[in-house]
Amino acid sequence: MTFGRILGRAIRVVTLAIFIVFAGFPVYWMLSTAFSTDAELYQTGQSWWPRLDRVGDIPGKLADVPIASWLMNSGVIAVGTTLLSLMLAVLAAYALSRFKFHGKGFAGFLLFSTQMLPEALLVVPLFSIFVTLGLLNSLHGLVLANTAFTMPISVFIIKAAIDRIPYEIEESARVDGCPRWSQLSLIVMPLILPSLAAAAVINFFDGWNEFLFANTFIADQDKWPASVGLVSFIGQYGTPLASVISAAILFTLPALIFFLIVQRKIVSGLTAGAVKG
Amino acid sequence: MPTLTFDNVVKHYGDTTVIHDFNAEIDDNEFLVLLGPSGCGKSTMLRMIAGLTEISSGELLFDGEPVNGLEPRERNIAFVFQSYALYPHMTVRDNIAFPLIMDRFKTWHHIPIVNALMRRAIARRPEVADRVDEVAEMLELTDYLSRRPKALSGGQRQRVAVARALVRDPSIYLLDEPLSNLDAKLRAQMRAEISALHQRVGKTFVYVTHDQVEAMTMASRIIVLNQGVVQQIGTPEEIYARPANTFVAKFVGSPPMNLLDVTVTGGRVRIAENGQPLRISTVPGDGDYVLGLRPENLSVPGPGGENTIDGYVRTVENLGGETIIGFQLPPPHDDGTLTEDDAPVRYARVPGTVRYDIGTAVRVSVDTGEASWFDAASGDRMTLDHPTLIGGRS
């Protein structure tokens, strides 16, 4: 191996290491903080190494808050948003990709326009609508609000994937006696799984991280999602940092697990071999 | 097995008419080839038979019954796409079984998730699995049943596409340039296999191609299309020997028919390009015509004497068993120079042993017994009566 190649490899390794440290250090520090005591955090300074022997203390730190219920609420919002958004997005994307109809361009623009306005700007009008529809203080109301914002993004991701499928495959299914509905579910959807998975990740995280609408529309503490619950730790006279970070780790874990499961599906090249390229 | 009748079928896309008043009848068990250049409307015709493209006006009848409004699955047809259109996420077995599974689906089976479960359940039924095995064996696909399409070669994918068409035993097979993505050797092999398949299943085949070799070798009848208009309907022999117009004459045959502008005066024929005379049996009345001569009706070197034309060799293609000599006629006042490069090249089919250098002056002998006459203005074929030898070299 020549010196030049060794140097090139060394530079690559060092550069990667720097990136890993930058990306991973906050997570590492979060772990270290969660296993520290408030006294260490505010007075003596926390340990550089996570005190894993204190893992048993975490339930005690969170004993006073309904963390399980909050996580469950976050789960309901995230899963509900993901399912509803994907269901609507697949239908809308298929229609935009495969059908010719008047106002198709305008429909696409309308979907796109929802992304032009910041969510915060719409809190007051949405609040007014929710009051009228009786959706205040309900998790399904939050699912609807989040779906309204995430569905258009999913539509564009999924439409791009459907556009790449040669239409002869669906025509072939049509000749084989497969009606439109089954063409979508039996032929098209398996072929766009990677894009469905990507859209699912975006929808799930949007629902999981939901804060703005939950903080505004949910009054009952037992209906709070974990994001709002975490903020409730911040008190007027002090914040139990170790407890907040412990809760934050619990908050992160389900999302991380979801991502690890779904990311396996985000693979490309599934349509290879369908038609002669 | 139905007879297909096209009754003034027209197809418009907006203001553009791609099929003009198509009238034809396709008999039972026929191997009909729709032949024409790219964009002539032949694939559109096939898609209209399949029900994938709507007919703008006119009627398509199966055994006298209009089918314009029927869905593809109601027409009992199978379609082999140019691109194969296999389902990439399914194995070869599932691809072949798919039409059988759809036939057995009840309405409620199409509910999402239920349909995926039922698809698997029906695929395992003996009558489906056995039929798939039978068709796979027929097309030598048994070893590949558990593979996905991406793990197959082009020829194997093509076989899967044919197997999927075959499995349901339809009345009509529609094939849209199914061999165009294969290499030359495989194409020749598949041509023979598709012909054999037609003999075996004894059903109507409608086959679209722009490749005249496929048309000539496989068809029992050919419809030649150009710009959405039927140019000629006939057997391969009729179309080759008696083309209906100059388009068919040029399109069918490789190399194409040689077309010479000629003038007939008092029974004497002269080539308009350079005034060379020709002795031809049976000529039409005085006027301008196009004379069509197949390359095999020209021989080089000519035996000399009567009915020869002079030319200069421009191309020589040695194909092994035969050689195609391309030649140009000399200019009107032959001063020994070559004709212009853009002057039309005529072709003679000669034995493979014949060798010429480019630029060599040759004497080409013309066998006018098989000559075709076309109207100079319309390009349509003219029918002449019994041949008699008139005129001569002057």
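The exercises below, each followed by a worked solution, concern the domains, contacts, sheets and nonpolar core of a predicted two-chain model.

Residues are numbered from 1 along each chain as its sequence is written, while chains are lettered from A and ligands numbered from 1 in the order in which they are written. Since the model is predicted, local features need pLDDT of at least 70 and side-chain atom pairs count only at pLDDT 80 or more, whereas totals for chains, interfaces and linings use all residues.

**Exercise 1. Describe the division of chain A into domains and the contact between them.**

Solution. Begin with the bounds, which come from an automatic or database domain assignment: domain 1 of chain A covers 3-61 and domain 2 covers 67-263. Next, take the centres over C-alpha atoms, which places the two domains of chain A 32 Å apart. Then turn to the contact (two residues are in contact if their C-beta atoms, placed from the backbone, lie within 7 Å), to which domain 1 of chain A brings 10 residues and domain 2 of chain A brings 8 residues. On the domain 1 side, helix 1 (3-34), helix 2 (38-44) and helix 3 (58-61) of chain A each supply at least two residues, helices being DSSP runs of H or I with at least four residues and strands runs of E with at least two, numbered from the N terminus. Helix 1 of chain A gives the most to this side, with 4 residues.

**Exercise 2. Repeat the domain analysis for chain B.**

Solution. The assignment gives domain 1 (4-246) and domain 2 (255-390) of chain B, and their C-alpha centres lie 41 Å apart. The contact between them takes 5 residues from domain 1 of chain B and 9 residues from domain 2 of chain B.

**Exercise 3. Determine which elements of chain B touch chain A, and the classes of the residues involved.**

Solution. The contact between the chains takes 30 residues from chain B and 25 residues from chain A. Strand 6 (77-80), helix 2 (92-104) and helix 3 (114-123) of chain B each supply at least two residues of the chain B side, and the largest share, 4 residues, comes from helix 2 of chain B. By class, the chain B side holds 19 nonpolar, 6 polar and 5 charged residues, where Ala, Val, Leu, Ile, Met, Phe, Trp, Tyr, Cys and Pro count as nonpolar, Asp, Glu, Lys and Arg as charged, and the others, Gly among them, as polar.

**Exercise 4. Work out the strand order of the two open sheets of chain B and find their edges.**

Solution. Strands pair if DSSP finds at least two bridges between them. The sheet of 4 strands has the order 2-1-4-5 with antiparallel pairing; strand 2 (16-26) and strand 5 (65-66) of chain B each have a single partner strand, so one side of each is left without a neighbour in the sheet. Within this sheet, 5 bridges join strand 1 (residues 4-13) to strand 4 (residues 57-62) of chain B, and Phe6(B) has Leu60(B) as its bridge partner. The sheet of 5 strands, also antiparallel, runs 16-20-17-18-19, with strand 16 (298-299) and strand 19 (346-351) of chain B at its edges.

**Exercise 5. Characterise the largest nonpolar core.**

Solution. A nonpolar core is a set of buried Ala, Val, Leu, Ile, Met, Phe, Trp, Tyr and Cys residues joined through C-beta atoms within 7 Å, and buried requires 20 or more other C-beta atoms within 10 Å of a residue's own. The largest has 153 residues, and those with the most contacts inside it are Ile158(A), Leu174(B) and Val206(B). Helix 4 (residues 67-98) of chain A gives the most to this core, with 12 residues. Leaving aside neighbours within four places in sequence, the contacts of Val206(B) include Ile26(B), Leu46(B) and Leu174(B).

Terms used. A residue is buried if 20 or more other C-beta atoms lie within 10 Å of its own, exposed if 12 or fewer, and partly exposed in between; C-beta atoms are placed from the backbone.
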